[in-house]
Amino acid sequence: MATIPITKRGAEQLKAELHRLKTVERPAVINAIAEARAQGDLSENAEYEAAKDRQGFIEGRILEVEGKLSAAQIIDPAQLDAGGRVVFGATVELEDEDSGDTVTYQIVGEDEADLKLGRINVSSPIARALIGKEEGDTAEVQAPGGVRRYEVVAVSYI
């Protein structure tokens with residue numbers, strides 16, 4: 001099985017989700033199933049069906065999170081020493097060469113990506129264009145509206 005890169009923060013979030021699923025969600029759905037069973041005829045019991053569906057979702061998510069954690073290669077950006085190059089976990093400040101706007105992104109794993117928080121997936125077009133670049137380099141990104149050029153203003157490992 002291939003390893004999945006994930007930041008230390010992302011791994012902690014997955015561990016917290018797994019803990020919540022096992023200690024809160026799973027017992028709650030077991031109680032809901034028990035209550036629905038106590039109502040009698042299960043063939044026409046919508047609460048029972050809904051609880052069984054929820055149980056299936058929770059158990060599937062537990063397996064998915066456990067699989068991701070077992071295949072995870074946890075990377076702590078603060079421990080990186082990439083010599084100023086853009087690598088997984090790096091935080092990059094970019095300037096759009098056309099508009100002059102600046103944006104800051106952290107390159108993270110698939111499960112952590114959230115554009116609103118400035119975290120982009122390592123396999124996204126912009127992250128792929130940035131990997132290996134240094135301060136002062138220009139990255140060309142094929143965007144839906146055409147090629148966009150970004151200058152790497154700063155690279156940090158936080």
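The radius of gyration is taken here over C-alpha atoms, and the globule rule is 2.2 Å times the number of residues to the power 0.38. The model is predicted: local features need pLDDT of at least 70, side-chain atom pairs count only at pLDDT 80 or more, and totals for chains, interfaces and linings use all residues. Residues are numbered from 1 along each chain as its sequence is written, and side-chain values use heavy atoms, with hydrogens and water left out.

**Exercise 1. Set the radius of gyration of the protein against the globule rule.**

Step 1. For 158 residues, a compact globule would have a radius near 15 Å.
Step 2. The protein has 22 Å.
Step 3. Add the box: along the principal axes, the C-alpha atoms fill roughly 70 × 35 × 25 Å.
Step 4. Add burial (buried: under 20% relative accessible area; exposed: over 50%; partly exposed: in between; 1.4 Å probe, protein chains only). Of the 158 residues, 34% are buried.

**Exercise 2. List the order of the elements from the N terminus on.**

Step 1. Helices are DSSP runs of H or I with at least four residues, strands are runs of E with at least two, and both are numbered from the N terminus.
Step 2. The protein has three helices and seven strands.
Step 3. The order is β-α-α-β-β-β-β-α-β-β.

**Exercise 3. Find which parts of the chain the salt bridge between E66 and K22 links.**

Step 1. Apply the rule: a side-chain nitrogen of Lys or Arg lies within 4 Å of a carboxyl oxygen of Asp or Glu. The count is 12 salt bridges.
Step 2. E66 and K22 meet at 2.8 Å, N to O.
Step 3. E66 sits in helix α2 (residues 46–71) and K22 in helix α1 (residues 8–38), 44 residues apart.
Step 4. E66 counts as partly exposed because its relative accessibility is 29%. K22 is partly exposed too, at 34%.

**Exercise 4. Explain what the salt bridge between E97 and R149 ties together.**

Step 1. The closest N and O atoms of E97 and R149 are 3.0 Å apart.
Step 2. E97 lies in the loop between β3 (91–96) and β4 (102–108), and R149 in strand β7 (residues 146–156), so the pair ties together parts 52 residues apart in sequence.
Step 3. E97 has a relative accessible area of 36%, so it is partly exposed.

**Exercise 5. Name the residues in the salt-bridge network.**

Solution. The linked residues are E17, R61, E64, K68 and D111.
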